[in-house]
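Here are a few exercises to work through with the model open in your viewer. Try each task before reading its solution.

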Amino acid sequence: MLSTHHPVFIWWGEDLIQFYNDAYRQTMGPERHPSALGQRGRECWAEVWDLIGPQIEYVMADKGATWQEEQLVPVTRHGRREDVWWTYSFSPIDDGSRPSGVGGVLVLCNDVTHRRTDARLVETQRRLNAVLNNASVSIFLMDDRQQCVYMNAAAEKTTGYTLEEVQGRPLHDVIHHTRPDGSHFPLEECAIDRAFPEDNQMQGEEVFVHKDGSFYPVAFTASPIRDAEATTIGTIIEVREISAEKKAQEHQRILINELNHRVKNTLATVQSLAAQSFRGISKDEQPSIKSFEERLFALARAHDVLTRENWEKAELGEIIEEVIEPYSRLGSRIEINGSAIALPPSTALALAMAVHELATNAGKYGALSAPSGRVAVTWRVTPGDPPHLALRWQERDGPEVPAPTRRGFGTRLIERMLANELSGEVDLTFEPTGVVCSVRAPLAGATFLQPKRMDKARLMACGCQTTLCACSGK
(Lines give C-alpha, C1' and ligand atoms only; values in the text may rest on other atoms or scores of the structure.)
Protein backbone atom coordinates (compact mmCIF):
# COMPACT_ATOMS: atom_id res chain seq x y z
CA MET A 1 0.00 0.00 0.00
CA LEU A 2 2.94 2.34 0.64
CA SER A 3 3.91 2.21 -3.03
CA THR A 4 0.51 3.46 -4.15
CA HIS A 5 0.28 6.34 -6.58
CA HIS A 6 -1.83 8.15 -3.99
CA PRO A 7 0.02 10.46 -1.58
CA VAL A 8 0.85 8.64 1.69
CA PHE A 9 2.70 9.66 4.84
CA ILE A 10 3.25 8.25 8.35
CA TRP A 11 3.06 10.42 11.42
CA TRP A 12 5.00 8.74 14.26
CA GLY A 13 4.94 9.25 17.96
CA GLU A 14 4.06 12.63 19.28
CA ASP A 15 5.14 14.76 16.33
CA LEU A 16 7.58 13.05 13.96
CA ILE A 17 7.34 12.47 10.23
CA GLN A 18 8.57 8.93 9.68
CA PHE A 19 7.65 8.39 6.04
CA TYR A 20 6.08 9.98 2.97
CA ASN A 21 6.06 8.53 -0.51
CA ASP A 22 7.11 10.11 -3.77
CA ALA A 23 3.49 10.79 -4.78
CA TYR A 24 3.05 12.93 -1.67
CA ARG A 25 6.35 14.73 -2.34
CA GLN A 26 5.35 15.46 -5.94
CA THR A 27 1.87 16.61 -4.94
CA MET A 28 3.02 18.99 -2.25
CA GLY A 29 5.97 20.21 -4.33
CA PRO A 30 9.48 18.67 -4.37
CA GLU A 31 11.07 21.97 -3.39
CA ARG A 32 9.02 22.21 -0.20
CA HIS A 33 10.18 19.02 1.56
CA PRO A 34 13.69 18.06 0.53
CA SER A 35 14.09 16.07 3.73
CA ALA A 36 11.38 16.16 6.34
CA LEU A 37 11.89 12.64 7.66
CA GLY A 38 12.51 12.58 11.40
CA GLN A 39 11.63 16.25 11.76
CA ARG A 40 8.78 17.77 13.71
CA GLY A 41 5.70 17.78 11.52
CA ARG A 42 4.12 20.87 13.06
CA GLU A 43 7.12 22.90 11.91
CA CYS A 44 7.61 21.35 8.46
CA TRP A 45 3.93 21.25 7.51
CA ALA A 46 2.65 24.22 9.48
CA GLU A 47 0.29 25.37 6.72
CA VAL A 48 -1.72 22.10 6.84
CA TRP A 49 -1.36 21.27 10.55
CA ASP A 50 -4.61 23.03 11.45
CA LEU A 51 -6.34 20.82 8.90
CA ILE A 52 -4.90 17.42 9.84
CA GLY A 53 -3.56 17.91 13.38
CA PRO A 54 -6.83 17.35 15.29
CA GLN A 55 -7.53 14.14 13.35
CA ILE A 56 -4.03 12.76 13.99
CA GLU A 57 -4.30 13.53 17.71
CA TYR A 58 -7.72 11.89 17.84
CA VAL A 59 -6.47 8.68 16.20
CA MET A 60 -3.31 8.61 18.38
CA ALA A 61 -5.44 8.88 21.54
CA ASP A 62 -7.83 6.06 20.62
CA LYS A 63 -6.41 2.70 19.56
CA GLY A 64 -9.35 1.65 17.44
CA ALA A 65 -10.21 5.01 15.95
CA THR A 66 -10.15 5.77 12.23
CA TRP A 67 -11.05 9.02 10.50
CA GLN A 68 -12.05 9.89 7.00
CA GLU A 69 -12.63 13.41 5.79
CA GLU A 70 -12.64 15.64 2.70
CA GLN A 71 -10.88 18.99 2.94
CA LEU A 72 -9.66 21.93 0.87
CA VAL A 73 -5.88 21.91 1.26
CA PRO A 74 -3.47 24.74 0.29
CA VAL A 75 -0.40 23.41 -1.54
CA THR A 76 2.57 25.05 -3.23
CA ARG A 77 3.85 23.29 -6.31
CA HIS A 78 6.57 24.59 -8.62
CA GLY A 79 6.41 27.94 -6.92
CA ARG A 80 2.66 28.35 -7.45
CA ARG A 81 0.09 28.37 -4.67
CA GLU A 82 -3.17 26.54 -5.27
CA ASP A 83 -5.98 24.91 -3.33
CA VAL A 84 -6.89 21.26 -3.91
CA TRP A 85 -9.61 19.05 -2.52
CA TRP A 86 -8.28 15.94 -0.72
CA THR A 87 -9.94 13.04 0.97
CA TYR A 88 -7.93 11.92 4.02
CA SER A 89 -8.02 8.46 5.57
CA PHE A 90 -6.38 8.33 9.01
CA SER A 91 -5.60 4.80 10.28
CA PRO A 92 -3.78 3.85 13.54
CA ILE A 93 -0.48 1.86 13.48
CA ASP A 94 -0.17 -0.49 16.47
CA ASP A 95 3.42 -1.44 17.35
CA GLY A 96 2.91 -2.06 21.08
CA SER A 97 5.30 0.73 22.05
CA ARG A 98 2.64 2.93 23.61
CA PRO A 99 0.12 2.27 26.37
CA SER A 100 -2.68 3.00 23.95
CA GLY A 101 -1.13 0.63 21.45
CA VAL A 102 -0.97 3.37 18.79
CA GLY A 103 2.55 4.20 17.70
CA GLY A 104 1.64 6.31 14.69
CA VAL A 105 -0.88 7.16 12.08
CA LEU A 106 -0.96 6.15 8.43
CA VAL A 107 -2.48 8.90 6.30
CA LEU A 108 -3.69 8.04 2.79
CA CYS A 109 -4.57 11.03 0.59
CA ASN A 110 -6.58 11.23 -2.63
CA ASP A 111 -6.89 14.36 -4.84
CA VAL A 112 -10.58 14.70 -5.71
CA THR A 113 -10.44 18.24 -7.10
CA HIS A 114 -11.42 17.12 -10.58
CA ARG A 115 -14.36 15.11 -9.26
CA ARG A 116 -15.63 18.07 -7.28
CA THR A 117 -15.05 20.39 -10.24
CA ASP A 118 -16.92 18.05 -12.56
CA ALA A 119 -19.79 17.90 -10.07
CA ARG A 120 -19.91 21.68 -9.88
CA LEU A 121 -19.90 21.90 -13.67
CA VAL A 122 -22.76 19.43 -13.87
CA GLU A 123 -24.75 21.41 -11.31
CA THR A 124 -23.97 24.69 -13.05
CA GLN A 125 -25.03 23.20 -16.38
CA ARG A 126 -28.25 21.93 -14.82
CA ARG A 127 -29.09 25.36 -13.42
CA LEU A 128 -28.18 27.10 -16.69
CA ASN A 129 -30.43 24.76 -18.67
CA ALA A 130 -33.24 25.33 -16.18
CA VAL A 131 -32.91 29.10 -16.65
CA LEU A 132 -32.63 29.00 -20.44
CA ASN A 133 -35.43 26.50 -20.98
CA ASN A 134 -37.80 28.43 -18.72
CA ALA A 135 -36.97 31.79 -20.33
CA SER A 136 -39.84 33.41 -22.23
CA VAL A 137 -37.54 34.77 -24.97
CA SER A 138 -35.89 32.67 -27.65
CA ILE A 139 -32.12 32.29 -27.23
CA PHE A 140 -29.72 31.09 -29.91
CA LEU A 141 -25.98 30.51 -29.58
CA MET A 142 -23.81 30.76 -32.71
CA ASP A 143 -20.19 29.67 -33.09
CA ASP A 144 -17.40 31.50 -34.93
CA ARG A 145 -18.72 30.17 -38.25
CA GLN A 146 -22.14 31.62 -37.45
CA GLN A 147 -23.60 28.15 -37.19
CA CYS A 148 -26.18 27.36 -34.51
CA VAL A 149 -24.85 25.31 -31.59
CA TYR A 150 -27.71 25.85 -29.14
CA MET A 151 -31.31 27.00 -28.94
CA ASN A 152 -33.58 26.92 -25.91
CA ALA A 153 -37.10 25.56 -25.58
CA ALA A 154 -38.67 28.95 -26.34
CA ALA A 155 -36.68 29.13 -29.58
CA GLU A 156 -37.89 25.69 -30.63
CA LYS A 157 -41.50 26.76 -29.98
CA THR A 158 -41.11 30.07 -31.83
CA THR A 159 -39.35 28.70 -34.92
CA GLY A 160 -41.04 25.30 -35.15
CA TYR A 161 -37.63 23.62 -35.41
CA THR A 162 -35.86 21.41 -32.87
CA LEU A 163 -32.25 21.92 -31.85
CA GLU A 164 -31.26 18.78 -33.77
CA GLU A 165 -32.74 20.23 -36.96
CA VAL A 166 -30.76 23.49 -36.84
CA GLN A 167 -27.60 22.47 -34.99
CA GLY A 168 -24.51 22.98 -37.13
CA ARG A 169 -26.41 25.05 -39.71
CA PRO A 170 -26.32 28.83 -40.34
CA LEU A 171 -29.39 30.14 -38.54
CA HIS A 172 -30.05 32.70 -41.29
CA ASP A 173 -30.46 29.90 -43.86
CA VAL A 174 -33.07 28.20 -41.67
CA ILE A 175 -35.38 30.97 -40.41
CA HIS A 176 -34.36 34.24 -42.08
CA HIS A 177 -33.71 33.48 -45.73
CA THR A 178 -36.79 35.04 -47.35
CA ARG A 179 -38.58 38.38 -47.11
CA PRO A 180 -42.37 38.56 -46.70
CA ASP A 181 -42.70 39.55 -50.38
CA GLY A 182 -41.07 36.24 -51.33
CA SER A 183 -37.72 37.70 -52.42
CA HIS A 184 -34.44 36.22 -51.22
CA PHE A 185 -32.87 37.83 -48.16
CA PRO A 186 -29.05 37.72 -48.57
CA LEU A 187 -26.99 36.97 -45.48
CA GLU A 188 -24.75 40.00 -46.07
CA GLU A 189 -27.78 42.30 -45.63
CA CYS A 190 -28.79 40.74 -42.31
CA ALA A 191 -28.30 43.03 -39.28
CA ILE A 192 -28.26 40.03 -36.94
CA ASP A 193 -25.31 38.50 -38.75
CA ARG A 194 -23.29 41.74 -38.61
CA ALA A 195 -22.91 41.48 -34.82
CA PHE A 196 -20.09 38.92 -35.27
CA PRO A 197 -17.89 40.49 -38.00
CA GLU A 198 -18.44 44.03 -36.66
CA ASP A 199 -17.91 42.86 -33.06
CA ASN A 200 -20.81 45.03 -31.97
CA GLN A 201 -24.24 44.55 -30.43
CA MET A 202 -27.10 44.88 -32.93
CA GLN A 203 -30.76 45.52 -32.09
CA GLY A 204 -33.89 45.94 -34.16
CA GLU A 205 -36.88 44.23 -35.69
CA GLU A 206 -36.97 41.62 -38.44
CA VAL A 207 -39.35 39.09 -39.96
CA PHE A 208 -38.55 35.36 -39.54
CA VAL A 209 -39.84 32.37 -41.48
CA HIS A 210 -41.55 29.62 -39.46
CA LYS A 211 -41.01 25.96 -40.26
CA ASP A 212 -44.51 25.87 -41.76
CA GLY A 213 -43.57 28.71 -44.15
CA SER A 214 -45.48 31.49 -42.39
CA PHE A 215 -43.86 34.82 -41.50
CA TYR A 216 -43.80 36.44 -38.08
CA PRO A 217 -42.23 39.69 -36.78
CA VAL A 218 -39.58 39.60 -34.05
CA ALA A 219 -37.54 42.00 -31.97
CA PHE A 220 -33.91 40.87 -31.66
CA THR A 221 -30.67 41.61 -29.85
CA ALA A 222 -27.48 40.04 -31.24
CA SER A 223 -24.36 40.33 -29.07
CA PRO A 224 -20.82 39.08 -29.71
CA ILE A 225 -19.34 36.49 -27.34
CA ARG A 226 -15.69 37.00 -26.38
CA ASP A 227 -13.18 34.67 -24.74
CA ALA A 228 -10.69 35.53 -21.99
CA GLU A 229 -8.41 37.20 -24.56
CA ALA A 230 -11.31 39.37 -25.83
CA THR A 231 -11.41 37.45 -29.12
CA THR A 232 -14.88 37.19 -30.62
CA ILE A 233 -15.79 33.51 -30.76
CA GLY A 234 -19.53 33.56 -31.42
CA THR A 235 -22.84 35.34 -31.07
CA ILE A 236 -25.74 35.08 -28.64
CA ILE A 237 -29.09 36.09 -30.13
CA GLU A 238 -32.20 36.95 -28.11
CA VAL A 239 -35.46 36.97 -30.04
CA ARG A 240 -38.95 37.98 -28.95
CA GLU A 241 -41.98 37.25 -31.15
CA ILE A 242 -44.01 40.48 -31.46
CA SER A 243 -47.01 39.56 -33.63
CA ALA A 244 -49.47 40.47 -30.87
CA GLU A 245 -47.72 43.79 -30.27
CA LYS A 246 -47.80 44.67 -33.97
CA LYS A 247 -51.52 43.88 -34.17
CA ALA A 248 -52.19 45.98 -31.07
CA GLN A 249 -50.18 48.89 -32.51
CA GLU A 250 -52.05 48.69 -35.81
CA HIS A 251 -55.37 48.55 -33.98
CA GLN A 252 -54.38 51.55 -31.89
CA ARG A 253 -53.29 53.46 -34.99
CA ILE A 254 -56.65 52.81 -36.66
CA LEU A 255 -58.54 53.88 -33.55
CA ILE A 256 -56.52 57.07 -33.19
CA ASN A 257 -56.92 57.94 -36.86
CA GLU A 258 -60.65 57.35 -36.60
CA LEU A 259 -60.79 59.47 -33.46
CA ASN A 260 -58.84 62.25 -35.13
CA HIS A 261 -61.11 62.02 -38.17
CA ARG A 262 -64.19 62.34 -36.00
CA VAL A 263 -62.70 65.21 -34.01
CA LYS A 264 -61.95 67.09 -37.22
CA ASN A 265 -65.43 66.44 -38.51
CA THR A 266 -66.73 67.84 -35.24
CA LEU A 267 -64.56 70.91 -35.69
CA ALA A 268 -65.89 71.26 -39.23
CA THR A 269 -69.41 71.12 -37.85
CA VAL A 270 -68.50 73.80 -35.32
CA GLN A 271 -67.14 75.89 -38.19
CA SER A 272 -70.37 75.47 -40.13
CA LEU A 273 -72.47 76.36 -37.10
CA ALA A 274 -70.36 79.44 -36.52
CA ALA A 275 -70.76 80.52 -40.16
CA GLN A 276 -74.52 80.12 -39.87
CA SER A 277 -74.58 81.95 -36.56
CA PHE A 278 -72.52 84.87 -37.87
CA ARG A 279 -74.51 85.16 -41.11
CA GLY A 280 -76.10 88.54 -41.52
CA ILE A 281 -73.72 90.45 -39.27
CA SER A 282 -72.20 93.68 -40.48
CA LYS A 283 -69.03 93.79 -42.54
CA ASP A 284 -67.23 95.43 -39.66
CA GLU A 285 -67.73 92.26 -37.66
CA GLN A 286 -66.65 89.85 -40.42
CA PRO A 287 -63.06 89.58 -39.07
CA SER A 288 -64.51 87.85 -35.98
CA ILE A 289 -65.52 84.89 -38.13
CA LYS A 290 -62.07 84.67 -39.70
CA SER A 291 -60.38 84.76 -36.30
CA PHE A 292 -62.66 82.01 -35.07
CA GLU A 293 -61.86 79.81 -38.09
CA GLU A 294 -58.13 80.43 -37.76
CA ARG A 295 -58.26 79.25 -34.17
CA LEU A 296 -59.96 76.06 -35.34
CA PHE A 297 -57.24 75.63 -37.99
CA ALA A 298 -54.53 75.99 -35.32
CA LEU A 299 -56.26 73.41 -33.15
CA ALA A 300 -56.52 71.04 -36.12
CA ARG A 301 -52.81 71.41 -36.88
CA ALA A 302 -51.92 70.60 -33.28
CA HIS A 303 -54.15 67.52 -33.56
CA ASP A 304 -52.14 66.41 -36.60
CA VAL A 305 -48.90 66.46 -34.65
CA LEU A 306 -50.41 64.51 -31.76
CA THR A 307 -51.93 61.96 -34.14
CA ARG A 308 -48.52 61.23 -35.64
CA GLU A 309 -47.36 60.34 -32.13
CA ASN A 310 -50.46 58.29 -31.22
CA TRP A 311 -51.62 61.04 -28.88
CA GLU A 312 -48.87 60.13 -26.45
CA LYS A 313 -46.66 63.19 -26.88
CA ALA A 314 -45.78 66.01 -29.26
CA GLU A 315 -42.42 67.64 -29.87
CA LEU A 316 -42.52 71.32 -28.90
CA GLY A 317 -40.55 72.50 -31.93
CA GLU A 318 -42.83 70.57 -34.28
CA ILE A 319 -45.96 72.01 -32.66
CA ILE A 320 -44.66 75.56 -33.08
CA GLU A 321 -43.65 74.97 -36.71
CA GLU A 322 -47.07 73.56 -37.55
CA VAL A 323 -48.95 76.44 -35.92
CA ILE A 324 -46.96 79.18 -37.64
CA GLU A 325 -46.90 77.39 -41.00
CA PRO A 326 -49.23 80.02 -42.52
CA TYR A 327 -46.36 82.46 -42.02
CA SER A 328 -43.70 80.12 -43.44
CA ARG A 329 -43.42 82.35 -46.54
CA LEU A 330 -41.60 84.81 -44.28
CA GLY A 331 -38.67 82.39 -44.08
CA SER A 332 -35.78 83.58 -41.94
CA ARG A 333 -37.87 86.31 -40.31
CA ILE A 334 -39.10 83.72 -37.82
CA GLU A 335 -36.49 82.03 -35.60
CA ILE A 336 -37.36 78.82 -33.73
CA ASN A 337 -34.74 77.45 -31.38
CA GLY A 338 -34.82 75.25 -28.30
CA SER A 339 -34.31 71.82 -26.75
CA ALA A 340 -35.85 68.75 -28.39
CA ILE A 341 -38.55 67.90 -25.89
CA ALA A 342 -41.81 65.95 -26.10
CA LEU A 343 -44.81 67.32 -24.22
CA PRO A 344 -47.99 65.58 -23.03
CA PRO A 345 -51.11 66.32 -25.15
CA SER A 346 -52.75 68.90 -22.85
CA THR A 347 -49.56 70.95 -22.58
CA ALA A 348 -48.94 70.75 -26.33
CA LEU A 349 -52.47 71.96 -27.18
CA ALA A 350 -52.28 74.86 -24.73
CA LEU A 351 -48.97 76.06 -26.14
CA ALA A 352 -50.23 75.60 -29.72
CA MET A 353 -53.21 77.88 -29.13
CA ALA A 354 -51.08 80.46 -27.32
CA VAL A 355 -48.48 80.56 -30.12
CA HIS A 356 -51.29 80.85 -32.68
CA GLU A 357 -52.71 83.88 -30.90
CA LEU A 358 -49.28 85.50 -30.69
CA ALA A 359 -48.57 84.81 -34.39
CA THR A 360 -51.97 86.16 -35.41
CA ASN A 361 -51.46 89.34 -33.40
CA ALA A 362 -47.95 89.75 -34.87
CA GLY A 363 -49.32 89.30 -38.39
CA LYS A 364 -52.00 91.95 -37.92
CA TYR A 365 -50.35 94.57 -35.74
CA GLY A 366 -46.86 93.45 -34.76
CA ALA A 367 -43.51 92.40 -36.19
CA LEU A 368 -44.92 90.14 -38.93
CA SER A 369 -47.01 92.98 -40.34
CA ALA A 370 -43.91 94.87 -41.51
CA PRO A 371 -41.18 93.70 -43.96
CA SER A 372 -38.40 94.40 -41.46
CA GLY A 373 -40.06 92.69 -38.52
CA ARG A 374 -38.58 89.65 -36.82
CA VAL A 375 -39.89 87.07 -34.34
CA ALA A 376 -37.80 84.80 -32.14
CA VAL A 377 -39.40 81.82 -30.37
CA THR A 378 -36.87 80.29 -28.00
CA TRP A 379 -37.06 78.00 -25.04
CA ARG A 380 -34.84 76.15 -22.62
CA VAL A 381 -35.30 73.67 -19.80
CA THR A 382 -34.04 74.41 -16.32
CA PRO A 383 -33.23 71.48 -14.00
CA GLY A 384 -35.38 70.64 -11.03
CA ASP A 385 -37.96 68.17 -9.80
CA PRO A 386 -39.83 68.51 -12.02
CA PRO A 387 -37.78 70.50 -14.54
CA HIS A 388 -39.26 73.77 -15.81
CA LEU A 389 -39.82 75.12 -19.28
CA ALA A 390 -38.83 78.73 -19.94
CA LEU A 391 -40.32 79.82 -23.30
CA ARG A 392 -40.02 83.30 -24.78
CA TRP A 393 -41.78 84.92 -27.75
CA GLN A 394 -40.07 88.17 -28.70
CA GLU A 395 -40.84 90.54 -31.56
CA ARG A 396 -38.46 93.21 -32.86
CA ASP A 397 -37.90 95.62 -35.74
CA GLY A 398 -41.64 95.93 -36.37
CA PRO A 399 -43.98 98.88 -35.95
CA GLU A 400 -44.20 100.49 -32.54
CA VAL A 401 -46.67 98.59 -30.40
CA PRO A 402 -48.84 100.66 -28.10
CA ALA A 403 -50.14 99.09 -24.91
CA PRO A 404 -53.75 97.93 -25.43
CA THR A 405 -56.49 99.81 -23.66
CA ARG A 406 -58.32 96.56 -22.94
CA ARG A 407 -57.62 92.84 -22.81
CA GLY A 408 -59.01 91.15 -25.92
CA PHE A 409 -60.07 87.53 -26.30
CA GLY A 410 -56.67 86.46 -27.63
CA THR A 411 -54.80 88.06 -24.77
CA ARG A 412 -57.11 86.48 -22.22
CA LEU A 413 -56.77 83.10 -23.96
CA ILE A 414 -52.99 83.25 -23.73
CA GLU A 415 -52.88 84.25 -20.10
CA ARG A 416 -55.66 82.04 -18.80
CA MET A 417 -55.04 78.91 -20.87
CA LEU A 418 -51.32 78.78 -20.15
CA ALA A 419 -51.81 79.56 -16.48
CA ASN A 420 -54.54 76.93 -16.09
CA GLU A 421 -53.30 74.13 -18.33
CA LEU A 422 -49.60 74.47 -17.52
CA SER A 423 -49.90 75.55 -13.88
CA GLY A 424 -47.30 78.13 -14.81
CA GLU A 425 -46.63 81.82 -14.99
CA VAL A 426 -47.22 84.05 -18.02
CA ASP A 427 -45.77 87.53 -18.49
CA LEU A 428 -47.21 89.29 -21.56
CA THR A 429 -45.83 92.79 -22.16
CA PHE A 430 -46.29 95.24 -25.03
CA GLU A 431 -42.88 96.84 -25.39
CA PRO A 432 -42.43 99.68 -27.92
CA THR A 433 -40.06 97.40 -29.84
CA GLY A 434 -42.57 94.56 -29.97
CA VAL A 435 -44.60 92.08 -27.95
CA VAL A 436 -42.73 89.91 -25.46
CA CYS A 437 -44.39 86.85 -23.92
CA SER A 438 -42.47 84.86 -21.32
CA VAL A 439 -43.79 81.51 -20.06
CA ARG A 440 -42.44 79.47 -17.17
CA ALA A 441 -44.12 76.17 -16.36
CA PRO A 442 -43.31 72.79 -14.77
CA LEU A 443 -42.65 69.92 -17.18
CA ALA A 444 -44.18 66.92 -15.43
CA GLY A 445 -44.58 64.13 -17.99
CA ALA A 446 -42.24 65.66 -20.57
CA THR A 447 -39.55 63.63 -22.34
CA PHE A 448 -36.21 64.83 -23.69
CA LEU A 449 -35.51 63.72 -27.26
CA GLN A 450 -32.69 63.58 -29.76
CA PRO A 451 -32.90 66.56 -32.16
CA LYS A 452 -34.54 65.66 -35.46
CA ARG A 453 -35.78 67.25 -38.64
CA MET A 454 -39.50 67.92 -38.78
CA ASP A 455 -41.47 65.44 -40.89
CA LYS A 456 -44.40 67.33 -42.37
CA ALA A 457 -45.95 64.30 -44.06
CA ARG A 458 -49.60 63.89 -43.19
CA LEU A 459 -50.55 60.50 -41.84
CA MET A 460 -54.33 60.82 -41.64
CA ALA A 461 -55.41 59.71 -45.14
CA CYS A 462 -59.02 60.05 -44.03
CA GLY A 463 -60.51 61.48 -47.20
CA CYS A 464 -61.90 64.63 -45.52
CA GLN A 465 -63.01 67.39 -47.84
CA THR A 466 -63.43 70.07 -45.16
CA THR A 467 -61.12 73.05 -44.99
CA LEU A 468 -60.10 72.03 -41.47
CA CYS A 469 -58.54 68.67 -42.37
CA ALA A 470 -54.85 68.79 -43.30
CA CYS A 471 -54.61 65.16 -44.37
CA SER A 472 -53.38 64.02 -47.77
CA GLY A 473 -56.78 62.67 -48.74
CA LYS A 474 -55.61 59.12 -49.47
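Ground rules: this is a predicted model, where local features need pLDDT of at least 70, side-chain atom pairs count only at pLDDT 80 or more, and totals for chains, interfaces and linings use all residues. Residues are numbered from 1 along each chain as its sequence is written, and side-chain values use heavy atoms, with hydrogens and water left out.

**Exercise 1. Take stock of the whole protein.**

Start with the secondary structure: the protein has twelve helices and 18 strands. These are DSSP runs (helices: H or I, at least four residues; strands: E, at least two), numbered from the N terminus.

Next, burial. Of the 474 residues, 41% count as buried; buried means under 20% relative accessible area, exposed over 50%, and partly exposed in between (1.4 Å probe, protein chains only).

Then the surface: about 25,700 Å² is exposed, and carbon and sulfur atoms supply 52% of it. Those areas come from the Shrake-Rupley method with a 1.4 Å probe; for residues, only the protein chains shown count as cover.

Last, the contacts (heavy atoms within 4.5 Å). Among those with a separation of 6 or more, 55% are between residues 24 or more positions apart.

**Exercise 2. Check the length of helix 11, then see which element gives the largest share of the largest nonpolar core.**

Helix 11 covers residues 345-364, which is 20 residues. The expected span is 1.5 Å times one less than the number of residues. That gives 28 Å for helix 11, and its end C-alpha atoms are 29 Å apart, so the two agree.

Now its surroundings: 15 of the 20 residues of helix 11 are buried.

On to the core, meaning a set of buried Ala, Val, Leu, Ile, Met, Phe, Trp, Tyr and Cys residues joined through side-chain atoms within 4.5 Å. The largest one has 39 residues, and Leu316, Ile320, Trp393 and Leu418 have the most contacts inside it. Elements giving two or more residues to this core include helix 10 (316-323), strand 15 (388-396) and helix 12 (409-422). The largest share, ten residues, comes from helix 11. Another core, of 24 residues, lies apart from it, and Tyr216 is among its members.

As background, nonpolar side chains tend to be buried together in soluble globular proteins.

**Exercise 3. Find the aromatic pair and classify its geometry.**

Rings of Phe, Tyr and Trp (its six-membered ring) pair if their centres lie within 6.5 Å; planes under 30 degrees apart count as stacked, over 60 as edge-to-face and the rest as tilted. The count under this rule is one pair. Phe208 and Tyr216 make it up, with 6.1 Å centre to centre and 85° between the planes, hence edge-to-face.

Are the partners buried or exposed? Phe208 is buried at 3% relative accessibility, and Tyr216 is buried at 6%.

**Exercise 4. Describe the setting of Thr232, then look at two residues with positive phi.**

Thr232 sits in strand 10 (residues 232-241) and is buried, with a relative accessible area of 17%. Beyond neighbours within four places in sequence, Thr232 contacts Phe196, Asp199, Pro224, Ile225 and Arg226.

With Asp199, the side chain of Thr232 makes a 2.8 Å polar contact to the other side chain. Such a contact is a pair of N or O atoms within 3.5 Å; within protein, one must be able to donate a hydrogen and the other to accept it, and residues adjacent in sequence count only if both atoms are side-chain atoms.

Asp199 is not a glycine, yet has a positive phi of about 50°. Asp199 lies in the loop between helix 7 (171-175) and strand 8 (202-209) and is partly exposed at 33%.

Ala230, also not a glycine, has a positive phi of about 65°. Ala230 belongs to the loop between strand 9 (215-226) and strand 10 and is exposed at 52%.
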